[in-house]
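Trainee: Got a minute to go through this one with me?
Mentor: Sure, put it up.

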Amino acid sequence: MGAANEWINGYLEAILDAGSSKDLKMMKKKNKNKPTAGFEEGIHDDGFERKKITTSYNEVDKEDSCKPFSPTNYFVEEVVNSFDESDLYQTWTKVVATKNTRERNNRLENMCWRIWHLTRRKKQIALDNAQGRGLSRSEKCGIFNHDAWEEDLSELSEGEKEKGECNHPISSSDNNIKIPRINSDMQIWSDEDHEDKPRRLYIVLISLHGLVRGENMELGRDSDTGGQVKYVVELARALANMAGVHRVDLLTRQITSTELDSTYAEPIEMLSCPSDATATSCGAYIIRIPCGPNHKYIPKESLWPYIPEFIDGSLSHIVNMSRALGEQIQGGAGKPAWPYVIHGHYADAGEVAAHLSGVLNVPMVLTGHSLGRNKLEQLLKQGRLSREVINSTYKITRRIEAEEFGLDAAEMVVTSTRQEIEEQWGLYDGFDFMLERKLRVRRRRFVTCLGRYMPRMVVIPPGMDFSYVTNQDTFEGDGDLNSLIGSDRAQTKRTIPPIWSEVMRFFTNPHKPMILALSRPDPKKNVTTLLKAYGECPPLRELANLTLILGNREDIEEMSESSSVVLTTVLKLVDKYDLYGQVAYPKHHNQSQVPEIYRLAAKTKGVFINPALVEPFGLTLIEAAAYALPVVATKNGGPVDIIKALNNGLLVDPHDHKAIADSLLKLVAEKNLWFECRKNGLKNIHRYSWPEHCRNYLSHVEHCRNRHPNTRLEITPIKEEEPMSDSLKGVEDLSLKFSIDSDIESLIRQKELIEAFTTHRRTASSSTNGISSSSIAYCPGRRKRLFVVAADCYNREGCCTELLPMVIENVKQAAADLLSLNSIGLILLTGLTLQEIKELEDVRLEDFDAVVCSNGSEMCYPWKDCSSTTTADVEYEAHIEYRWPGENVKSIITRLGRIEGGGSRDEDDIVENPKAFSSRCFSYCIKPGAKTTRIDELRKRLRIRGLRCNPIYTRAASRLNVIPLLASRIQALRYLSVKWGIELSSMVVFTGDKGDTDYKDILEGLHKTVILPGITEYGSELFLCSTGESYMKEDEGTSCLSLVKAQTHEVNDIITALKTLRFM
């Protein structure tokens, strides 16, 4: 009884605080015969609003929403409907016994007496109605146990609900909710598929930024550690538990900072052990890749310079793991088990996944989570920051370009909602909703798409782990809350969650419904607008408390600038509106306490709100629904589809604080609506389970793989050198015979014969394997390190200068002085064609292990054929042909390359250069002084038309090469690294201080770089960006340990630079 009395006292105190007399005067003016939701109301001589139960309990009066809201009415209904008359009588007697002469206590006594008699009257009416309808004993009992009836309803599955139940008309289309239809040519993933030959898939997920770990995730610690971190960790675990999935790796950045937990420095963390997964699974793992300065945490806006490093480190891990899995699955020297899919999350990881996909030729999937163009639009709409400030703060231009590149390379883009496709991805140059549909229809009809391509957008809502949701997440067990806030809480033996105490200590009256907001202290989460809405709505303040869970903090001044600004503004608004005792903002919570926070809000019959400016999905909305909380959510982003599917809340304009207040007030005050939303959420929540998500995900991935090229990169087997003992077999007898003679002439004859015989044996052995004798010097596997010459030595006219042969010779000499030439291979990366290289004087093809021509679109191996007929490697051409539009792009470049309105109408500004054409490169000559489109603008024009290419200005911007999307000089190096089994860290790139428009790509990564000044007279970097400043310039900087600038290009200076790099 004590617990119930405490609840009643809390509600009565709320009635007094709300000013009941003022509300009653307003209510007396209303029509006494006006029906309400389930009651007939009238004002009686005791001064209180009497209500009679009607038969139409589920019918809500539409006009009721127009009348002034009364907090008094809400709490009176709560007391009358939620407590037995014996509890009310106990409360009345206690008030009488403890009353004093103060007016407030007298009012409290009168209210207790009146509400007690009102409850008795309500019970009598219910009994009369029950007898009149001939209800059974159990039905009669059900009338008095309203809470138990609601709890029982929430426990039922969808199929067990009574057929005649009626949903509240929250949205006009709720009855027509359709599950997204899967194409007829796609097979649903099934555990029974391939029983004769079970699938053992290797899946790679990438989430680069934030603090990623499997347990005790520090969600909300900063703006980078939020819902995405939780999502990717749970996705990895869920995928590893699917039949047919052998291993899942989640790649993220390694951080060894002493300010963080040591977990983030561990290179490997197990997420799910094999015993927890299927019999054929190795489990899921977090793999932390060193990237940038490991000793400190780097926010995502500052990670861009280190992306190439992460790409190279990830490539090394994937190759090693694929080889190990291949041996494990196939036994012995099996082929590598390449990833089934590489999935990038967010813009930075999307760029990483695109490059890895191009090197390994496996499908890439992209999930944006939060999109740059949408964020830019919202920030500009707020009007607080200029475009320049936004760009410098958030590196928004760099981020958008990474997202565009991810769209170019992605086979499939996973979205959470249909709205994300149409309103967010639709802002990008690389995606057009209508064009994508047209191209899909053409493919189905086997009609050519003319080189156009649009990535497939699929809606797969994120899953949720419902293991934390228990049967206690209903309205039973209110004693927990009472023991926390009651006067006898010191005597209670029941353990209450510590987070409850932390939250409830803020409130003057903790019995009120709780409005809960849970997010990072990030401006885009729009918490300050929520607080303003609450502070400026007196009825809402009288009715409910507000709880803000805004991450964890120790000292606001030590937090990031954006987080500090948000929290400071929150404290100022609390003071401005005098919200002390009504708003909670605890400093600390951990991930395991989040379910208890939801439970606390549900027990107070509260509401969850997500007022973000834009919410890509809204995982917290699903969590809230799982814990029986109705929701109010932003109308921008994923919540639109979530509310439509769950039918458990209201959508609002996040910029309209009055609309936010009205929606919260409506959902809390209208109890029938609140119960209906709660019931609908629990009924439909199964749509967001992890198994359902993974089945849809794997089905779509398998479907997109059928359209992806099935050629995979083959690793060249390392040919072991023939032992000297084996090579001299058959020579021993000759040696023994000649050794008998001791004269000098005989010994000379012996040496000549043995050398001739040995040479013959080696030549014969090489010929047997189809390799010429020159392969002894250049055969892959004999090399331990590679020197790469990527010097763009051009004059003003774009002609190659005599400095290129000189640089090549100096690099060779430095290699000979430092190490053995036999252990160092030589690679040439250039924008010249193969024929143009052959025509250069003093440059011998046979000096190189590989020659990469036309900015990465061609590759040849002179050690295979040193003759003048050396041709490009057809295997490499097949490898890079993905999405190459071929002839469909040839003629359009001359038109797109000219600046519109540039004043020049000369069609000869850009002309085809057939001599430099190849199957994977279309080359165009640029007329001196011609005004041509910069690279970023040219990419944009191509993307809009669905053409995916990589345009590069070379030879001092006198030539434009258009090559396949994922072909480039740096990608060619990664290709050779995998094919020949040479780590990128064992390569040194020699380049000038300027070059082609792909120059900066060559500088960054795990390889070492030596800059040779003065070898390039004119570069093409000014043609990279239309604004004159490259988006890449925003993130200048590379690791000083991997890049050195030599004094000159002379041998001694090159050797000094190599020693500085410790490349010995």
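Trainee: Which residue does Ile 910 stand opposite?
Mentor: Ile 926 in E22. Strands here are DSSP runs of E, at least two residues, and helices are runs of H or I, at least four, numbered from the N terminus. This is a predicted model, where local features need pLDDT of at least 70, side-chain atom pairs need 80 or more, and totals for chains, interfaces and linings use all residues. Residues are numbered from 1 along each chain, and side-chain values use heavy atoms, without hydrogens or water.

Trainee: How many bridges join E21 to E22?
Mentor: Three, and the two strands run antiparallel. Strands count as paired if DSSP finds at least two bridges between them.

Trainee: What order do the strands take in the sheet?
Mentor: E21-E22-E24-E23, an open sheet with antiparallel pairing. E21 (910-912) and E23 (949-954) each have a single partner strand, so one side of each lacks a neighbour in the sheet.

Trainee: Switching to pockets. What is the volume of the second largest?
Mentor: About 1,500 Å³. A pocket is an open set of points on a 1 Å grid over the protein atoms alone, where a 1.4 Å probe fits, with protein on both sides within 12 Å along at least five of seven lines; lining residues have an atom within 4 Å of a point. Points are joined across faces, edges and corners, and the volume is the space filled by probe spheres set on them.

Trainee: Which helix gives the largest share of its lining?
Mentor: H20, with six residues. The lining has 50 residues, and Asp 222, Ser 223, Met 559, Ser 560 and Ser 563 lie nearest the centre.
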